[in-house]
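I opened the model today to look up a handful of things, beginning with how its rings pair and ending with how its sheet is put together. These are my notes, in the order in which I looked.

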Amino acid sequence: MAGNLELLNSVLAQARAENRAALVGYLPAGFPTVDGGVEAMVSMLDGGCDIVEVGLPHSDPVLDGPVIQTADDIALRGGVKIVDVIRTVREVHTATGAPVLCMTYWNPVDRYGVERFAADLAEAGGAGCILPDLPVEESEVWRKAAEQHGLATVFVVAPSSRDERLAKITAAGSGFVYAASLMGVTGTRESVGREAQDLVTRTRAITDLPVCVGLGVSNAEQAAEVARFADGVIVGSAFVKRLLAEDDAEAGIAGVRALAGRLAEGVRRRA
């Protein structure tokens, strides 16, 4: 079974046709539980997200700040496995028909088996993988498996990336480019910063792939600010915070849905 790269491309193109940025939400699988995570991601899509990233919890998440690290720790202590991540992708996609990606560090994929991971992700209806720590020079094995199974390979670029490096990374990627808005780890910020806009401008000059910005967006005003210059707005820590803030599962789900709605309004408003 082929993965849903074309669905991802279609959703991003549709957002552009509507003269707005796509809204991409993120949560780790298994947080607060596997079933609870599925329900939360479905509610994010129901609330207004266009795309969801399912995080594969990792004990040493180098890109993730303390909020997502807390969620990863809850998921890992709950016993989440790669099969649960794949199940989460399947159930969220089946329930919504939306593009669902997996965001993962490379080591779990390598240990699981590159071909096996790509095949299982595609069979579950996944649209691709975001691989923040996989150097493009070492990505050929994954990219071949992803292409064979109809999956996107999304690489991360940062403000420190020189133009020559941007060209190399974007030439190897598919789906979209994940532009880290600032140097550092994930987490909500008071402002997203000019670095993000400069990075998007430089990246767009090199590639036709959509450029989606993550790291720091937490409210509708910031979403509108980023939507003014990016093809997509990625929000993760703010959704995790909503779930961490509520002891009651239903209240957490309602909070996530409401946040998605406010952010969706923001990307349509565009500052």
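**Aromatic pairs.** I began with the rings, keeping in mind that this is a predicted model, and the count of aromatic pairs came to three. I noted that tryptophan 106 and tryptophan 142 make an edge-to-face pair, with 6.5 Å from centre to centre and 75° between the planes. Because tryptophan 106 belongs to helix 5 (residues 106-112) and tryptophan 142 to helix 7 (residues 140-148), this pair ties together parts that are 36 residues apart in sequence. I then looked at tyrosine 112 and phenylalanine 117, whose ring centres are 5.8 Å apart with the planes at 90°, so I entered this pair as edge-to-face too. Taken together, Trp106, Tyr112, Phe117 and Trp142 form one aromatic cluster.

Are the members of this cluster buried or exposed? With the cut-off for buried set at under 20% relative accessible area, I found tryptophan 106 buried at 18% and tyrosine 112 buried at 14%. Phenylalanine 117 is buried at 0%, and tryptophan 142 is likewise buried at 0%.

**The core around Trp142.** I next asked which residues have the most contacts inside the largest nonpolar core. That core has 97 residues, and the ones with the most contacts inside it are Phe117, Trp142, Phe176 and Phe239. Helix 12 (residues 249-269) supplies the largest share of this core, seven residues. As a reminder to myself, nonpolar side chains in soluble globular proteins tend to be buried together.

I also listed what tryptophan 142 is in contact with, leaving aside neighbours within four places in sequence: Trp106, Val109, Val114, Phe117, Ala118, Cys129, Leu131, Leu134, Leu151 and Thr153.

**Glu53.** The UniProt record, an unreviewed entry, places the feature "active site" at Glu53 and Asp64, and I followed up the glutamate. Glutamate 53 lies in strand 2, and at 1% relative accessibility it counts as buried. Not counting residues up to four places away in sequence, glutamate 53 touches Val24, Gly25, Tyr26 and Leu27, together with Leu101, Met103, Ile130, Phe176, Tyr178 and Ile234.

**Leu101.** Since leucine 101 appears among the residues that glutamate 53 touches, I looked it up as well. Leucine 101 is found in strand 3 and counts as buried at 0% relative accessibility. Its contacts, again not counting residues up to four places away, include Leu8, Ile51, Val52, Glu53, Val54, Ala127, Cys129 and Phe176. I also checked leucine 101 against proline 57, and found them 44 residues apart in sequence and 14 Å apart in space, C-alpha to C-alpha.

**The sheet.** In what order do the strands of the sheet stand? Nine strands form an open sheet in the order 5-4-3-2-1-9-8-7-6, and the pairing is parallel. Strand 5 (152-154) and strand 6 (156-157) are at the edges, each with a single partner strand, so one side of each is left without a neighbour in the sheet.

I then went through strand 1 with some care. Strand 1 (residues 22-28) pairs with strand 2 (residues 51-55) in the parallel sense over five bridges, with glycine 25 opposite valine 52 and proline 28 opposite glycine 55. Strand 1 is also joined to strand 9 by four bridges, again running parallel, and there valine 24 stands opposite isoleucine 234. Seven of the seven residues of strand 1 are buried: Ala22, Val24, Tyr26 and Pro28 on one side, and Leu23, Gly25 and Leu27 on the other.

**Helices against the sheet.** I noted that helix 1 (residues 5-17) lies across strand 1, strand 2, strand 3 (100-103), strand 5 and strand 8 (211-214), and that it runs at about 135° to strand 2.

My last entry concerns helix 10 (residues 220-227), which is mostly covered, with six of its eight residues buried. The buried ones are Ala220, Gln222, Ala223, Ala224, Val226 and Ala227, and what covers them includes strand 8, strand 9 (232-235) and helix 12.

How values were computed
Residues numbered from 1 in each chain as written. Predicted model: local features only at pLDDT ≥ 70, side-chain atom pairs only at ≥ 80, totals over all residues. Heavy atoms only, no water. Pairing = 2+ DSSP bridges. Helix = DSSP H or I, 4+ residues; strand = E, 2+ residues; numbered from the N terminus. Contact = heavy atoms within 4.5 Å. Axes fitted to C-alpha atoms, helices over the stretch in contact; angles between N-to-C directions. Core = buried A, V, L, I, M, F, W, Y, C linked by side-chain atoms within 4.5 Å. Buried < 20%, exposed > 50% of the residue type's maximum accessible area, 1.4 Å probe, protein only. UniProt positions renumbered as here; feature names shortened; annotations may be inferred. Phe/Tyr/Trp six-rings, centres within 6.5 Å; stacked < 30°, edge-to-face > 60°.
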